[in-house]
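Q: Could you take a close look at the ligand site in this one and walk me through what surrounds the ligand? After that, I'd like to hear about a few other spots in the fold.

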Amino acid sequence: MEKMRLQKFLARCGVCSRRKAEEYIAAGQVKVDGQTVTEMGVSVGEENHVTFNGRLLTLEEEFEYYLLNKPAGYITTLSDPQGRPTVTSLLRGVKTRIFPVGRLDLDTEGALLLTNDGNLAQRMQHPSLHTKKHYEALVKGRPAAAALRQLEQGVELEGKLTAPAKVHLVKQGENSAVLALTLQEGRKRQVKKMCAHIGHPVLFLKRTAYGRLTLDGLKRGAWRRLSSVDLEKIFL
Ligand code: URA
């Protein structure tokens, strides 16, 4: 095996995504041959003894991918100091150490990928692949067509314009509306911030699909292991 950067090694060992690995390294949770390493440039190979929080790491032979229909009330981290239930606690019977790809808010429902492949998140964020994330949002009020076009073209959040998106009005009631949104980026709480920006805060949010990988047949709280055909659908 060729040498690789420490954060990539952690991802290949199924610890977490590469980005998260950088946080763990900076926080001093990773040791190489007994020494804590906090810089990113270090290269390691199979001959190195790499530990994460004291656990010796070995490269994963096979990657596993799961799709969960996340219910509200579950947190997308591996553990929670406040003791709230985690999404991984729902995947009973899965022996492999898997982690969520990206995040969904505590009160958000829907499609969430989990894997031991630390490079999947990286691949999904690659601009040439343009992974599309589809959401359905119940929002307060009745947004005007111009406000929806504004969401499509980009709104300024924390000093940076959002990337072009697709937004459709699915239906509207007296004082609420359902929007279908397709985003290619994934900033923290992006859908909620975008809708709040146009004056129509989100009352309920669900991610319905990644690309063409939908939740079809998966009840709230249910999950299934993905095949390679399913995986390809993420990028379509
Ligand atoms: N956008 C949000 O605002 N929340 C989520 O959970 C996902 C996308």
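A: Here's a walk through the ligand site, followed by some strands and the cysteines. Keep in mind that this is a predicted model.

Let's start with who is around the ligand. The surrounding residues are L104, D105, T108, Y135, R189, Q190, V191, K192 and L205. Sorted by class, that shell comes out as 4 nonpolar, 2 polar and 3 charged residues. If you're looking for the element that gives the most to the shell, go to helix 5, residues 190-197, which supplies 3 residues.

Now for the polar contacts. On the side-chain end of things, D105 has an N or O atom 2.8 Å from a nitrogen atom of the ligand. The backbone joins in too: a polar backbone atom of R189 sits 3.2 Å from a ligand oxygen, and a polar backbone atom of K192 is 3.0 Å from an oxygen atom of the ligand. As for how covered the ligand is, it would expose 240 Å² taken alone, and the protein buries 96% of that.

Next stop, strand 7, which spans residues 65-70. Since 6 of its 6 residues are buried, strand 7 is largely enclosed by the rest of the structure. You can see this on both faces: Y65, L67 and N69 are buried on one side, and Y66, L68 and K70 are buried on the other. Yes, that list of buried residues takes in K70.

Strand 7 also has partners worth tracing. It runs antiparallel to strand 9 (residues 109-115), and 6 bridges join the two. To find your way along that pairing, look for Y66, which stands opposite L114 in strand 9. Strand 17 (residues 223-225) is antiparallel to strand 7 as well, joined to it by 3 bridges. There, L67 has R224 as its bridge partner.

Further along the chain, there's a hairpin to look at. It links strand 13 to strand 14 through 3 residues. The two strands, residues 166-172 and residues 176-183, pair in the antiparallel sense over 6 bridges. Within that pairing, Q172 of strand 13 faces A177 in strand 14.

While you're browsing strands, have a look at A137. It belongs to strand 10, residues 133-140. Its relative accessibility is 0%, so A137 counts as buried. From the C-alpha of A137 to that of L148, 11 residues apart along the chain, the separation is 13 Å.

Last, the cysteines. The structure has 0 disulfides. Take C13: the closest cysteine sulfur belongs to C16, but at 9.8 Å from the sulfur of C13 it is too far for a bond, because a disulfide needs the two sulfur atoms within 2.5 Å. Looking from the other end, C16 is in no disulfide either, with the sulfur of C13 as its nearest cysteine sulfur. Are these two buried or exposed? C13 counts as buried because its relative accessibility is 1%, and C16, at 3%, counts as buried too.

Definitions and conventions
Residues numbered from 1 in each chain as written. Predicted model: local features only at pLDDT ≥ 70, side-chain atom pairs only at ≥ 80, totals over all residues. Heavy atoms only, no water. Buried < 20%, exposed > 50% of the residue type's maximum accessible area, 1.4 Å probe, protein only. Helix = DSSP H or I, 4+ residues; strand = E, 2+ residues; numbered from the N terminus. Pairing = 2+ DSSP bridges. Near = heavy atom within 4 Å. Polar contact = N/O pair within 3.5 Å; in protein donor to acceptor, adjacent residues only side chain to side chain. Areas by Shrake-Rupley, 256 points an atom, 1.4 Å probe, with all protein chains shown as cover. Nonpolar A, V, L, I, M, F, W, Y, C, P; charged D, E, K, R; others polar.
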